[in-house]
Amino acid sequence: MTDEALPANEAPSANEALSNLLHEDRRFPPPADLAASANVTAATYAEAEADLEAFWGEQAKRITWDTKPTEVLDWSNPPFAKWFADGTLNAAYNCLDRHVEAGNGDRVAYYFEGEPGDTRVITYAELTTDVKKAANALLELGVEAGDRVAIYLPMIPEAVVAILACARIGAPHTVVFGGFSADALASRIEDCGVEVVITADGGYRRGKPSGLKPAVDEALTKCPSVHHVLVIKRTGQDTPMTEGRDLWWDEFVGQQSAEHTAEAFPAEHPLYIMYTSGSTGKPKGILHTTGGYLVGVTYTQWATFDLKPETDIFWTAADIGWVTGHSYLVYGPLANGTTSVMYEGTPDTPHKGRWWEIIEKYRVSILYCAPTAIRTFMKWGADIPEQFDMSSLRVLGSVGEPINPEAYVWYRTNIGGDRVPVVDTWWQTETGMHMISPMPGVTSGKPGAAMTPVPGVSVDVVNDEAESVPNGSGGYLVITKPWPAMLRTLWGDDQRYVDTYWSRFPGLYFAGDGAKRDEDGDIWLLGRVDDVMNVSGHRMSTTEIESALVSHPKVAESAVVGASDATTGQAIVAFVILRADAGDGGPDVVAELRAHVAKEIGPIAKPRQIMVVEELPKTRSGKIMRRLLRDIAENRELGDVTTLTDSTVMNLIKENLSASAASSAE
């Protein structure tokens, strides 16, 4: 999943294939018992292919409509889609009330694990009551349908309550990740005209309380539109409260009535705005609407993970501040009546087996996490997960970026016990739902390959002329037909929406990613098209070189960037994290790794420099910030580091660069 597409004038030419070397012979057929009872079968693909609109009309029956739609898709004004436009519904009702009314109020909605070790078990009936009270609180503050509410919270159950309270009254929410700065928060509040902010005194990070309310106070010096702030007590820190503006959540929401009737809204009513970084510096407000989005995430969670809501325990290990949290921790799981795990903390607090301890405790059956986390676990060693009973797992998911083949195999072997299928999902903030993924009961898994579109989704790999490329060739990934959970526009900027996503190939949605079809016709993601390097006229994918490095038994994780080079135009610079048993990372290891890449791909792919590092610069959602590594490789001033988990990582890398260059160059 990527965060943004490129404007047309920033996309490089794809006259030659992005890669002709990706190949994988290993196959992992679906387990027989899973295949025998799978939600998705080969017939599902045929049904979707035969009549796309009829297929999505059928999926729309998964949710409850106040007014059932008579039209599935209105594509009369592309690229502005309307799905189920004459239908009405309420997203919160679909996630809560209908399950209680069906007699499932006692089913657990969330097992919450706080980082300090506190736990909460929240049923659907309890969550429904909490959301009704919060909805009444927002109404008392003057929030009306269409008004925007900003949510700036740690990973605590009140974040779900706040989201669904907004949806219940038709107020679009914009969730701002709790790791973002006051400036980032202010820019989002200003862009969509927020009037109410929901935050907390703080959250926990690696055993220590970290303040959130001070960032809100700083942001609001630039945001006069905000007239109320609701503050949840999480850490107990001293928290200044502004008289007349700030209210304690426990007191104000706690006193509200638990009676509230959800109002039905048109399917195209705005549900939420999620901001991604923009190439011009101004964040892009991705707008998702209610009906199509809810249908898309409900269906794809059920399909991609072979979900059995009555028995599965589902864990999406992603923050609610990102689209993965929205789609597969909140809306999709709750609409399906799923029992989910919600965890506040990091994988290594208080110990490096924390995730596996949680899986063992709650008997988690489906785990959905990022390749960056998997590669971190590889670095720590297989002996840690071996200490825990994870026999409850039956499906493993991957999200965030293409998974390296060796990380895929490690995940399947050491977490899945060599028996659990891995579904590597490609999608974006913009797409709202999974777009490419194997189906665990149908597809033989191929490590590293995204495989095939989800039933009901149409994608292609095309060349510069928008022509489909043959098997064995690379090009641009595009989406050829509208899909229910697609973004409707960019908030307040229809033209930017058209320019960013639809201008490179008229009539096609350009995802901004390079891709390849292998000899079997399966799709491999090659990363952002701006991560394709031109080395002495040879076009090379950073993803491919990273995968070659990770395939070496001493390497846990790698990041590759292109740096300007007077001789070759661009040169390959690699940053690697070694596995715990790999030694000291001296010149011999660097030479060994350079030779390994040359053997795996070819001499032209041999990195000019390989730098062994302890950590890579990552956002708190787990994405590697390759632009910062490019800054270092080209000796530029570092760009914005405010979204990094630990900004000191960059200082350590920079200090060691000259020594690495001396030991790496031949």
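Here are four short exercises with worked solutions on this predicted model.

Residues are numbered from 1 along each chain as its sequence is written. In this predicted model, local features need pLDDT of at least 70, side-chain atom pairs count only at pLDDT 80 or more, and totals for chains, interfaces and linings use all residues, while side-chain values use heavy atoms, with hydrogens and water left out.

**Exercise 1.** Find how many disulfides there are.

*Solution.* Start with the rule: a disulfide is a pair of cysteine sulfur atoms within 2.5 Å. Next, take Cys223: the closest cysteine sulfur, in Cys192, is 9.8 Å from its own sulfur, too far for a bond. The count by this rule is zero disulfides. Now look at the surroundings of two cysteines, using buried for under 20% relative accessible area, exposed for over 50% and partly exposed for in between (1.4 Å probe, protein chains only). Cys223 is buried at 3%, and Cys369 is buried at 1%.

**Exercise 2.** Locate the cis peptide bonds that lead into Pro79 and Pro350.

*Solution.* First, a reminder: most peptide bonds are trans. The bond from Pro78 to Pro79 is cis, with omega near 5°. To place Pro79, use helices (H or I, at least four residues) and strands (E, at least two), which are DSSP runs numbered from the N terminus. Pro79 sits in the loop between β1 (73–74) and β2 (82–83). Then turn to Thr349 and Pro350, joined by a cis peptide bond with omega of about 5°. Pro350 belongs to the loop between β17 (339–343) and α13 (354–362).

**Exercise 3.** Work out where Arg363 and Asp418 lie, and what their phi values are.

*Solution.* Begin with Arg363, in the loop between α13 and β18 (366–369). Its phi is near 55°, a positive value in a residue other than glycine. Arg363 is partly exposed, with a relative accessible area of 35%. Move on to Asp418, in the loop between α15 (405–415) and β20 (422–424). Phi of Asp418 is positive too, about 60°, although Asp418 is not a glycine. Asp418 is partly exposed, at 47%.

**Exercise 4.** Trace the open sheet of four strands and explain which strands stand at the edges.

*Solution.* Two strands pair if DSSP finds at least two bridges between them. Following the pairs gives the order β21-β22-β24-β25, with antiparallel pairing. β21 (459–462) and β25 (523–528) each have a single partner strand, so one side of each lacks a neighbour in the sheet. Finally, zoom in on β22 (474–479) and β24 (509–517), antiparallel strands joined by five bridges. Here Val478 stands opposite Phe510 in β24.
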